[in-house]
Amino acid sequence: MCGIYCSVRVSSVDATDHCVDAEVFQALSEQLRSANGARGPDAQTLCTVRLPVSHPARNSSEGQARGGELQIDFFASELLLRGRAAVVQPHQQEGDVFCWNGEVFEGLDINPEENDGVKLFGRLRLECTPDSVPALLGSVEGPYAFVFYDSSSEKLYFARDPLGRRSLLIHKPSPSFPYLLLSSVSAGDHPAYQFEELPTEGIFCLDVGLIRQSSDFMKGLDDCLSTIPRRASAARFAEISRTLPLLDPFECEPFPKACVMLRVRDIPVHFGQEGKARVAVLFSGGIDSTMLAFLAHRDEAIDLINVAFENPRKIQVRLGGNSDMLPKRERKKYRKAGEIMKVTDEGTTLYLVPDRVTGLEEVDELRKLCPGRNVEFLITNLENSHCSGCQESLAARSASLAMALYFASRGVGRIRGSSSECYKAYTSHARVLLNGLGSDELLGGYGRHRTAFTVGGWKSVIDELQLELDRIPTRNLGRDDRIISSHGKETRHPFLSLSVLDPRLDVGKGDKTLLRLAARGVGLVEASARKKRAMQFGSHSARMAAGEGERRGDLIIG
């Protein structure tokens, strides 16, 4: 994983042109480079391409063309997840520049010691045309965002993968801030940019050569920026067959095991971390995270990160006596979890949230199935005071999930070897975090899928799943990437692989039947029976304030 940053601006001898104050822009650029540097602490550098600009005279009285300079800055940072040594970015050769933030899991022959960015750069330089770039990217599978400058054609290409699994923000020039910015992350609230997520609809191409001839940088940029359609096969994931196959669900895999293994293999061991987990799972004890934990290196160490929030609203309900309204079976689960954790004081019970209860139950099942494996169940407890400063101006639902991801991916908490031992401080140094996002969309995990099947049968289910797949690029994957990468870690989504499965398999009764059958088949009996629960509700990061019970998810907080 990497952080990438690119800026395009014009300096001119004519003060009336859309030029940029060098000192002001330098300060902004340094802030953005610093923010991107946190994503890749192992190596980072900056390079600049300067091109002369000769604007045509506006009228005959000016006498001659006006001069200036077009400056393109490229910055990239590197998080070492392949090979033994970090590869310095941006990649540069004979005027060509490539900033790559991604992972190639399929479609390109790469050995464990090679860097995928280097190989892609070489392929792009062999032939770079508006046709060849989509063809090359359409042949590989993996999350990515990139910026590539082809010096021979003077074209700047940039894009995100079709599902939007990696972040890339764009600021387009305005009269007050006349420059183009591309960045993996922002530097927080800042008046000098208006970032928005780069769409995933195609590959963008900026004709730098034409901009150099334009008399107006902003207008010229709009005229010179085009979108190249992706190759048709790159969108193969988005089409659901409407022919129902004759399949025995007990013989079907919900997704190839290789999709998990491709995302956890060949991660280098860093100095001083021998024997420690290289992979962690954002772990709730639910069916998705449990299957990922089971399939990811069953003979290697793994960290299972479980986060719980002190939720004043939930506490108020409990103090009001409403906890007795829980079903008897649920109350029994909470008592059992309290016994496992050896709850001895009221403060500890604050963190017996649903995900903690199911996580404690499930880690025992995993340890029984893989007795020789080093499984660390890392608990992260967050006081309400830790969260108040994180609730920025986001939609309530967005903020609650963002907080859960932020503190879970930090990997700081406590562990213990057995129920008879005391908890001790622990920090997970795993740089790869597995996330179960995507299984509900692919395998019919939402309640609305069950409703669709009840109301309209398979046709309604297929229509609903098609909507789910179409919405994946807008599901805030870029936001999740920005949050997790702020700790110098990378999230990977095995379910969100373009080659993960044919979505027409037996789904649709609303409960991820295939995945549950697979879990039961490998011995994860308890996990196979658990209900779906969103992370923000399972960790109690949602609706933190008392009286927030009826608050809609689209309201602004903070």
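Right after helix H7 comes His297, with a positive phi near 50°. Helices here are DSSP runs of H or I with at least four residues, strands are E runs of at least two, and both are numbered from the N terminus. This is a predicted model, where local features need pLDDT of at least 70, side-chain atom pairs count only at pLDDT 80 or more, and totals for chains, interfaces and linings use all residues. Residues are numbered from 1 along each chain as its sequence is written, and side-chain values use heavy atoms, with hydrogens and water left out.

H7 itself spans residues 287-295 and is mostly covered, with nine of its nine residues buried. Buried means under 20% relative accessible area, exposed means over 50%, and partly exposed is in between (1.4 Å probe, protein chains only). Among the buried ones are Asp288, Ser289 and Met291.

What does H7 pack against? One partner is helix H11 (residues 354-369), at an angle of about 25° and with the axes 11 Å apart. That makes H7 roughly parallel to H11, a label for angles under 35 degrees (over 145 is roughly antiparallel, 65 to 115 roughly perpendicular, the rest oblique). The axes are lines fitted to C-alpha atoms over the stretch in contact, and angles run from 0 to 180 degrees between N-to-C directions. Thr290, Ala293 and Phe294 of H7 meet Glu362, Leu366 and Leu369 of H11, a contact being heavy atoms within 4.5 Å.

Now for strand S7. All six of its six residues, 155-160, are buried, so the strand is largely enclosed by the rest of the structure. Lys155, Tyr157 and Ala159 point one way, while Leu156, Phe158 and Arg160 point the other. S7 has these pairings (two strands pair if DSSP finds at least two bridges between them):

| Strand paired with S7 | Bridges | Direction |
|---|---|---|
| S6 (residues 144-150) | Six bridges | S6 and S7 antiparallel |
| S11 (residues 202-207) | Four bridges | S11 and S7 antiparallel |

On the S6 side, Asp150 is bridged to Lys155. The hairpin of S6 and S7 has four residues between the strands, and there Glu154 takes a positive phi near 55°. On the other pairing, Leu156 has Leu206 of S11 as its bridge partner.

Zooming out, the protein has 19 helices and 19 strands, and 54% of its 558 residues count as buried. Among contacts with a separation of 6 or more, 75% come from residues 24 or more positions apart.
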